Amino acid sequence: MKKVAIVGAGPGGLTAGMILAHRGYDVSIYEIKNQVGGRNGTIKKNGFTFDIGPTFLMLKPVLDEMFQEINEDINNYLNFYDLDPMYHLVFKNKSIKISPNHQKTRDEIANKFPGNESGFDKLINREEKRFNVAFPCLKKDYSKFIQLFNKDLFKFLPKLSFPNSMHDELGKYFKDEDLKMAFTFQSKYLGMSPWDCPAAYMIIPYIEHNFGIQHVRGGLSEISEAMNKAFQKKGGKLFLNHEVSDIKKNSITLKNGKQIEADYVINNADAGYALKNLMNHQDLSKKDFSCSTFMLYLGLDIELELEHHTVFFSDDYKSFVDSIFHGKKLNPDISFYVRNASPIDKTLAPEGCSNIYILLPVPNNKSKIDWDIEGPKIRKLLLNKLEEKIGKKIQQHIQTEISINPKEWEEKYNVFLGATFNLGHKLSQMLYFRPHNLLKNGVYLVGGGTNPGSGLATIYESGRIAADIICKKNK
């Protein structure tokens, strides 16, 4: 039986692990933390359960497929809630609630942005065609240059809308700037600016409107827990609190000096960190990286009337975004995201309380911002802005509080440059031009830093791609 050693129990490593274990491989996963998930893990404190990172489950059929690969049904492991509205977007002078029901969203646009309804119809119809040719390209291995020459990619090329950005592309559908933001803020899922993010990623808002957005009972971190259960059910072995200090083609070395031999080694640690520090293979620091995030996880002793997902936009959104990606500085006119999941998921907070997750996009650590100084200021700004936006005082109701700043993302979570959405997603850093699923040093790579990119669905695909490459070698 061929042995596989996987470094890191994030969603990419867990996907690869459970597929390979199901296919008859002897798979062991070595995880530095005391729980699975990585950024898809959880923080528990005083009766509150917080997702560390992802809070939007999109493209659920991909997750379904990963469990079908091992003859399991994800719905036997997890309970899902369809969100309607998917999110509430709050602008300076108006707001809009976006539904997966096209007619409801069309009516909302007609009410808030009259005359733009036909643009929504055009967007859905045109982006469906783009998605249908784009998505097959995101399921392939591009570890060799020749693999770029495939019929699916050739079909996709005319749909790239190169060199347009997502914001440029929205000009084909809408004229109102706020409405454009309602269909381009999704570039933040990739840690990019809508003015820089390639138009090809217009498939993301289409994915939301076609497949909806789901919440998982217990939080999205439960997906990693479900994968771990399936992995061990298939015979996989998990080793928590096992830090790896060196990765090679056929072995890993633990921090305690123990060397573990394997026929195949898969890395699921943060790509930038691992390539430089665990493999001495490549320093990606000169590449373009995503933004970082300043996180607040709050447990309140009151219940808030706030939608499940809310985005509060700054008065001058473009200036705010430019300050992050081009100025590499903080801007007091902030745009931030809030999740209030406890109204539909009572497992996340004690009775009568609220579980509040706040994410503020900020520059990554190339900015040299001193977060020991700026962190407390940003915390105060965020809380004051939230109170202003919702018209309610909450600071005296904070019972539990945890924060993570970019410095901590890098030092405590080994996130290279604190770039929480990984390597940037410009076209010159995608497919073959992204760190390969099979590196030249013989190590396999999964996660957001390799092909096909960041986001839970694509990270799952990276795990399946790596598993398939290994299996092909043994046919």
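Visitor: How much space lies in the second largest pocket?
Guide: This is a predicted model, in which local features need pLDDT of at least 70 and side-chain atom pairs pLDDT 80 or more, while totals for chains, interfaces and linings use all residues. Residues are numbered from 1 along each chain as its sequence is written, and side-chain values use heavy atoms, without hydrogens and water. On a 1 Å grid over the protein atoms alone, a pocket is an open set of points with protein on both sides within 12 Å along at least five of seven lines, and lining residues have an atom within 4 Å of a point. Taken as the space filled by probe spheres set on those points, the volume of the second largest pocket is about 390 Å³.

Visitor: Which residues of its lining are the closest to the centre of the second largest pocket?
Guide: The lining of this pocket counts 17 residues, and they divide into 17 nonpolar, no polar and no charged (nonpolar being Ala, Val, Leu, Ile, Met, Phe, Trp, Tyr, Cys and Pro; charged Asp, Glu, Lys and Arg; polar the others). The closest to the centre are Leu 153, Leu 157, Leu 160, Leu 427 and Leu 431.

Visitor: Which helix gives the largest share of the lining of that pocket?
Guide: Helices are DSSP runs of H or I with at least four residues, and strands are runs of E with at least two. The largest share amounts to three residues, and the helix that supplies them, spanning residues 151-156, is α5.

Visitor: With which residue does the side chain of Ser 161 make a polar contact?
Guide: Ser 161 is found in the loop between α5 and α6 (166-170), and it counts as buried because its relative accessible area is 14% (buried is under 20%, exposed over 50%, partly exposed in between). Leaving out residues up to four places away in sequence, Ser 161 touches Arg 126, Arg 130, Glu 169, Lys 172 and Ala 199 (contact means heavy atoms within 4.5 Å). Its side chain makes a polar contact (N or O atoms within 3.5 Å, one able to donate a hydrogen and the other to accept it) at 3.2 Å, and the partner is the side chain of Arg 130.

Visitor: Where in the same loop is a peptide bond cis?
Guide: Most peptide bonds are trans. The loop between α5 and α6 also holds Pro 163, and the peptide bond that leads into this proline is cis, with omega near 5°, running from Phe 162 to Pro 163.

Visitor: Which secondary-structure elements each supply at least two residues of the lining of the largest cavity?
Guide: The structure holds one cavity of 30 Å³ or more, a cavity being a set of grid points where a 1.4 Å probe fits but cannot get out. About 50 Å³ of space lies in it, and its lining divides into nine nonpolar residues, two polar and one charged. Among the residues that line it are Phe 320, Ser 323, Lys 329, Leu 360 and Ile 378, and the elements that each supply at least two are α11 (317-325) and β18 (354-362).

Visitor: Which residues are exposed on the face of α13 turned away from its buried side?
Guide: In helix α13, residues 406-413, Pro 406, Glu 408 and Trp 409 are buried. They lie on the same side of the helix because they cover an arc of only 160° around the axis, taken from the directions to the C-beta atoms. What covers these buried residues includes β15 (292-300), β18, α12 (371-390) and β19 (398-404). On the face turned away from them, the exposed residues are Glu 411 and Lys 412.

Visitor: Is Arg 379 in α12 buried, partly exposed or exposed?
Guide: Arg 379 lies in helix α12 and touches Phe 294, Leu 296, Ile 398 and Glu 401, not counting residues up to four places away in sequence. Arg 379 and Glu 401 are 22 residues apart in sequence and 11 Å apart in space, C-alpha to C-alpha. Because its relative accessibility is 29%, Arg 379 counts as partly exposed.

Visitor: What is the relative accessibility of Lys 368, a residue with a positive phi?
Guide: Most residues other than glycine have a negative phi. Lys 368, in the loop between β18 and α12, has a positive phi of about 65° although it is not a glycine. Lys 368 counts as exposed, because its relative accessibility is 72%.

Methods
Buried means under 20% relative accessible area, exposed over 50%, partly exposed in between (1.4 Å probe, protein chains only).
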